[in-house]
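Subject: Structure handover

Hello,

Here is the structure you asked about, with the sequence alongside. My notes on the strands and on one residue follow below.

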Amino acid sequence: PNGSQKLIEELGVGDNLKGINIKTLPIDETLYSTWSDSNPRVTNTVVKIVGILPTVVQETISINNGLLRTTPDHLHLIKRAGTFILVEASTIVVGDILLDSARNEVSVVSVELVVEEITVYKVDVEKKDLFIANGMITHNRKLPLEL
């Protein structure tokens with residue numbers, strides 16, 4: 001939240017991150033597929049990491065030549081046809097718009113599937129599910145609870 005940066009491998013449960021709050025975003029994540037807002041009220045907030053899980057994957061999506069590198073099923077906030085929605089990375093296309101940490105619009109100019117084995121880190125933050133990664137607003141990944 002203080003503007004400093006840290007590698008994701010160095011993060012841990014209990015760390016605070018700069019987050020984003022969108023007033024109209026539903027708390028119930030099952031409603032995300034139907035959520036949209038043409039003019040969302042976005043404010044800064046602080047989110048706490050409640051889970052982090054390193055995972056080896058075989059494919060990632062590279063957006064804007066590596067500006068964001070994400071798993072295909074990871075949710076991202078984008079603007080498409082003038083409306084903000086949450087979509088999986090695999091459905092992001094050239095012409096969509098991302099938001100950076102200062103809420104500037106960043107046009108998607110390239111989307112590429114990268115096939116290689118790589119370790120990714122699934123991060124779960126609360127209370128709000130949006131946080132800043134690589135200078136861009138992104139969504140967390142709910143982790144299964146281990147009992």
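To begin with strand β2 (residues 42-63) and strand β3 (residues 68-70): the two run antiparallel and are joined by three bridges. Within this pairing, I61 stands opposite T70 of β3. The hairpin that β2 and β3 form has four residues between the strands, and N64 takes a positive phi there, near 55 degrees. Please keep in mind that this is a predicted model.

The other partners of β2

β2 also pairs with strand β8 (residues 111-126), again in the antiparallel sense, and 14 bridges join these two. One position to look up in that pairing is T60, which has V114 of β8 opposite.

A further antiparallel pairing links β2 to strand β1, over seven bridges. Two of the positions in β1 can be placed directly: L17 has V47 of β2 as its bridge partner, and I20 has N44 of β2.

Strand β1

β1 covers residues 16-22. Besides β2, it pairs with strand β9 (residues 130-133); these strands run antiparallel and share two bridges. In that pairing, G19 stands opposite F131 of β9.

How many of the seven residues of β1 are buried? The count is five, so the strand is largely enclosed by the rest of the structure. For reading the side chains along any regular strand, recall that they alternate between the two faces of the sheet.

T138

The residue I looked at in more detail is T138, which lies in strand β10 (residues 136-139). Is T138 buried or exposed? Its relative accessible area is 3%, and the cut-off for buried is under 20%, so T138 counts as buried.

Which residues does T138 touch, leaving aside those up to four places away in sequence? They are H74, L75, H76, D129, L130, F131 and A133. Among them is F131, the β9 residue that stands opposite G19 of β1. L130 and A133 are also on the contact list of T138, and β9 spans residues 130-133.

One distance may help when you orient the view: T138 and L67 are 71 residues apart in sequence, while their C-alpha atoms are 12 Å apart in space.

Regards

How values were computed. Residues are numbered from 1 along each chain as its sequence is written. This is a predicted model: local features need pLDDT of at least 70, side-chain atom pairs count only at pLDDT 80 or more; totals for chains, interfaces and linings use all residues. Side-chain values use heavy atoms; hydrogens and water are left out. Buried means under 20% relative accessible area, exposed over 50%, partly exposed in between (1.4 Å probe, protein chains only). Two strands pair if DSSP finds at least two bridges between them. Contact means heavy atoms within 4.5 Å.
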